[in-house]
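Trainee: I have a structure open and want to learn to read it. Could we go through it by question and answer?

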Amino acid sequence: MGRCAVSQKLTERRSLLVLSSFFHATFSFMILLIWSPDGLMTLRRFAHSRSSIGQLGLVALTAGVCTVAAGIWNAREAYSWPLMLNGLGCSALGIMVAFGATRHITFRSLALVIAVMAVSIGVYEVTTAQKLRGHRIDGWLLAAAGVVSVGFAGVFLGFVFGWVRLDPSPSPQTFHWLGSYFGFSAICMLGLALGHLRPPSAIRGAGNDGLPTI
């Protein structure tokens, strides 16, 4: 594959990750704005607004599709599967949230999906950090992001298994956690897209094949 083709591929993947970051940030903003006591929309108004729930689900679904596409674009690398798994989990979350407009979906079900998302992106970040041994700052940042992602997974697993009480279920605090996770995920996606946290495919291989770095 020529350098122009590689550069075009990286640019297209960057665009997908930027879109994913945007929709993650939008989801985070909507959750924190809606569920915050000082938000523009009260909890009661949101609970009875099917269109708002449907829009929220659509945002998460779109973010997941963009992430899956970015992973597929990089499918030749064996360690891209966690990124695709994260996108699939986000897409599933979006569908579940959208269905929540017409049927009851428990928060524990949503929390389980989010835990899978957090673990998968954490694995991707840690794996990428290992590929960045020659770039210490980027590697440490990615490793730290992976640890934080696993921490988020632990919190949401606590919701799933009842280690963290949900009283009432769900409470506004649980959605603050949800908004915080999506906000953190948006930062990670944007960092990858901008090259501050370099994607693994952009790092020069062990054989010095001359691929350009981001």
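Trainee: Which residues does Leu 178 touch, not counting residues up to four places away in sequence?

Mentor: First, note that this is a predicted model. Leu 178 lies in helix α7, residues 172-194. Leave out its sequence neighbours up to four places away, and the residues touched are Phe 27, Ile 31, Ile 114 and Phe 156.

Trainee: Is Leu 178 buried or exposed?

Mentor: Use the cut-off: buried means under 20% relative accessible area. Leu 178 has 4%. Leu 178 is therefore buried.

Trainee: What distance separates the C-alpha atoms of Leu 178 and Phe 152?

Mentor: Along the chain, the two residues are 26 residues apart. In space, their C-alpha atoms are separated by 9.3 Å.

Trainee: How is the aromatic pair of Phe 107 and Phe 159 arranged, and what is its type?

Mentor: A pair of aromatic rings is described by the distance of the centres and the angle of the planes. Here the centres are 5.7 Å apart and the planes make 65 degrees. Planes over 60 degrees apart count as edge-to-face. So the type is edge-to-face.

Trainee: Which helices does that pair tie together?

Mentor: Both Phe 107 and Phe 159 are buried. The pair joins parts 52 residues apart in sequence, because Phe 107 and Phe 159 lie in separate helices. Those helices are α5 (residues 107-131) and α6 (residues 136-161).

Trainee: How many aromatic pairs does a search of the whole structure find?

Mentor: Phe 107 and Phe 159 are one such pair. They also belong to one aromatic cluster, with members including Phe 27, Trp 177 and Tyr 181. The search of the whole structure finds ten aromatic pairs.

Trainee: Which element gives the most to the largest nonpolar core?

Mentor: This core has 41 residues. Among those with the most contacts inside it are Phe 27 and Tyr 181. The elements giving two or more residues are α1, α3, α4, α5, α6 and α7. The one that gives the most, with ten residues, is α5.

Trainee: Which element gives the most to the nonpolar surface patch?

Mentor: The patch covers about 580 Å², and Trp 81 and Leu 112 are among its residues. Two elements give two or more residues: α4 and α5. With four residues, the one that gives the most is α5.

Trainee: Does Val 116 count as buried, exposed or partly exposed, and what is its relative accessibility?

Mentor: Val 116 is found in helix α5 and belongs to the nonpolar patch. Partly exposed runs from 20% to 50%. Val 116 counts as partly exposed, and its relative accessibility is 37%.

Definitions and conventions
Residues are numbered from 1 along each chain as its sequence is written. This is a predicted model: local features need pLDDT of at least 70, side-chain atom pairs count only at pLDDT 80 or more; totals for chains, interfaces and linings use all residues. Side-chain values use heavy atoms; hydrogens and water are left out. Rings of Phe, Tyr and Trp (its six-membered ring) pair if their centres lie within 6.5 Å; planes under 30 degrees apart count as stacked, over 60 as edge-to-face and the rest as tilted. Buried means under 20% relative accessible area, exposed over 50%, partly exposed in between (1.4 Å probe, protein chains only). Contact means heavy atoms within 4.5 Å. Patches are made of residues with over 30% relative accessible area and no salt bridge: like charges are joined within 9 Å, nonpolar side chains (Val, Leu, Ile, Met, Phe, Trp, Tyr) within 5 Å. Accessible areas come from the Shrake-Rupley method with a 1.4 Å probe; for residues, only the protein chains shown count as cover. A salt bridge is a side-chain nitrogen of Lys or Arg within 4 Å of a carboxyl oxygen of Asp or Glu. A nonpolar core is a set of buried Ala, Val, Leu, Ile, Met, Phe, Trp, Tyr and Cys residues joined through side-chain atoms within 4.5 Å.
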